[in-house]
Amino acid sequence: MTINKLTHQLYLVLTEPKKSGTLTQEALRKAGHALHQRLTADKVESIALVDSADADAALFVAEGLVLSNYSFQGYKTEKATPPVLKSVTISGKNLSATQVTELGNLLDAVYHTRDLVNTPPNMQTASILSEQITEMLSGTEVKVEVLDLVQIQSLKMGGLLAVNQASDEAPTFNILEYKPANATNTQPVVLVGKGVVYDTGGLSIKPTPNSMDYMKSDMSGAASVAGTLYALAKNNIPLHVIGLIPATDNLVSDKGFMPGDVITMHSGHTVEVLNTDAEGRLILADALHFAKRYNPALVIDIATLTGAAARAVGREGIVMMGTANDVLKTDLKFAGDMAHERLVELPLWEEYHEHIKSDIADIKNIGAAEAGAISAGKFLEFFTNYPWIHLDIAGTAYLLSPDSYRGKHATGSSVRLLYHFLSSQATA
């Protein structure tokens, strides 16, 4: 509802309570999206959100409003239409400046994450991704170390090197560390993000359209790790967190690795490659083994890993599985409900190991068509010996049609989820 007050426009945002508090919060975000559509039509450049009854309501409306205002137009030369809305002010009863600043930094992190994912592949090689992440985190307390090809070779990261074989661009392995002086944890939490900057599928080439043509998004997990660390550092969350990002493209050439190859991983284990399009798990496996050196309390990997996960739960949810205890998994699911980035847990029963048994190597890199998301998770589990959770964001990271405040294309999936979870762990 809009009321013309002559000196200004008054917009009334009305929502009905839902079955749970988290669903009510999501309704407020969607109301923020609807408000954004009206503000855009009215060419409004600034707005003040005021809530005299419930300060949190204004925050959730602002969240939906600001996320809806995102636009990626960095490569347009004509008729660029940047968002009209320039500023949002929030005020309300019992609302603190700290809450507003925290939300602003978190949404800024989502913007950065979306920018990374939306960047065209010819503008984002593995080395350029490392430069982009380094620039993004400059000015924060996050330290960035980028390992080059020689260092990766010395570490014998066979998975990352095999996937990179067909490329003229060298891979990178990125170590991001946020360790504030007042960190409440003695053992770090490690986030591992899949950084395949472009994925053709290799010799097991992907079909197109609607497959290979949006594979610039296959580094969404890497972007989410960087975005999460940005938000934690900007908001001074007292938690020691490390991000690991193996980065490469997966191209087609006569130098590329082939179905039937056997590769030796960073862990020393051997893997029979039966599908070069199951490459993400190979580079993640090297990173997961590398994570052991930190003696982590918990490792979470984030990846656009399988079409099977997207087919199982669609763009409405994130597939989760892991070996962490039920308390940690429950806390993560609750954070998912808070962010409305909901988690659907799949089992990792021992019988699923049969899906990745190889006749000639320790394991193979793909199972059968059945339980494809689970066999991918089972492959990753093989390289862990610590509490671990796997998030498959294949259905949520990149949307081909708009969805409310998530918009179209890169969504920044899992940044808000991980931020809420890790913030809660810092104060637990």
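What volume does the second largest pocket have? The legends below take up that pocket and other close-up views of this predicted model.

**View 1. The second largest pocket has a volume of about 470 Å³.** Its lining counts 19 residues. Nearest the centre lie Tyr-11, Val-13, Ala-48, Leu-49 and Val-50. Four elements each give two or more residues to this lining: β2 (9-11), α1 (21-41), β3 (46-51) and α2 (55-68). Of these, β3 gives the most, with six residues. Sorted by class, the lining of the second largest pocket has 15 nonpolar, three polar and one charged residues.

**View 2. The largest pocket holds about 850 Å³ of space.** A set of 37 residues lines this pocket. Look to its centre for the closest of them: Lys-206, Leu-305, Thr-306, Gly-307 and Ala-308. At least two lining residues come from each of α8 (280-290), α9 (307-313), α11 (372-381) and β17 (398-399). The largest share, four residues, is supplied by α9. By class, the lining of the largest pocket divides into 14 nonpolar, 14 polar and nine charged residues.

**View 3. The largest cavity contains about 60 Å³ of space.** Rolling a probe the size of a water molecule over the atoms shows where empty space is left. In this structure, two cavities of 30 Å³ or more turn up. Which residues line the largest cavity? They are Leu-67, Val-110, Arg-114, Glu-341, Tyr-405, Arg-406, Thr-411, Gly-412, Ser-413 and Arg-416. Four residues of this lining are charged, three are polar and three are nonpolar.

**View 4. The second largest cavity contains about 30 Å³ of space.** Its lining is made of Ala-162, Val-163, Gln-165, Ala-166, Gly-202, Leu-203, Asn-250, Leu-251, Gly-256 and Phe-257. How many residues of this lining are nonpolar, polar and charged? Six are nonpolar, four are polar and none is charged.

**View 5. Helices α8 and α11 meet at a crossing of roughly 30°.** Two packed helices are described by the angle between their axes and the distance between the axes. The axes of α8 and α11 come within 9 Å. Angles under 35 degrees count as roughly parallel, so α8 and α11 are roughly parallel to each other. Their crossing is right-handed. From α8, the residues in the contact are Arg-281, Leu-282, Leu-284, Ala-285 and Leu-288. From α11, they are Ala-376, Phe-379 and Leu-380. By class, this contact has seven nonpolar residues, no polar ones and one charged. Both helices also appear in View 2, where α8 and α11 each supply at least two residues of the lining of the largest pocket.

**View 6. Helices α7 and α12 meet at a crossing of roughly 45°.** Helix α7 covers residues 220-234, and helix α12 covers residues 415-426. Their axes come within 9 Å. Is α7 roughly parallel or oblique to α12? The angle makes α7 oblique to α12. The crossing of α7 and α12 is right-handed. On the α7 side, Ser-224, Gly-227, Thr-228, Ala-231 and Leu-232 take part in the contact. On the α12 side, the partners are Val-415, Leu-418, Tyr-419, Leu-422 and Ser-423. The class count for this contact is six nonpolar, four polar and no charged residues.

**View 7. His-289 sits in helix α8.** Which residues does His-289 contact, leaving aside its neighbours within four places in sequence? They are His-266, Ser-267, Phe-383 and Tyr-386. Take Ser-267, which is 22 residues from His-289 along the chain. The C-alpha atoms of these two residues are separated by 6.0 Å.

**View 8. Gly-407 sits in the loop between β17 and β18 (409-410).** Leaving aside neighbours within four places in sequence, Gly-407 is in contact with Leu-399, Ser-401 and Pro-402. Now find Leu-348, which is 59 residues from Gly-407 along the chain. The C-alpha atoms of Gly-407 and Leu-348 are separated by 33 Å.

Technical notes. Residues numbered from 1 in each chain as written. Predicted model: local features only at pLDDT ≥ 70, side-chain atom pairs only at ≥ 80, totals over all residues. Heavy atoms only, no water. 1 Å grid on protein atoms, 1.4 Å probe; cavity = no way out; pocket = protein on both sides within 12 Å on 5 of 7 lines; lining within 4 Å. Points joined across faces, edges and corners; volume = space filled by probe spheres on them. Nonpolar A, V, L, I, M, F, W, Y, C, P; charged D, E, K, R; others polar. Axes fitted to C-alpha atoms, helices over the stretch in contact; angles between N-to-C directions. Parallel < 35°, antiparallel > 145°, perpendicular 65-115°, else oblique. Left-handed = near helix turned anticlockwise from the far one by under 90°. Contact = heavy atoms within 4.5 Å.
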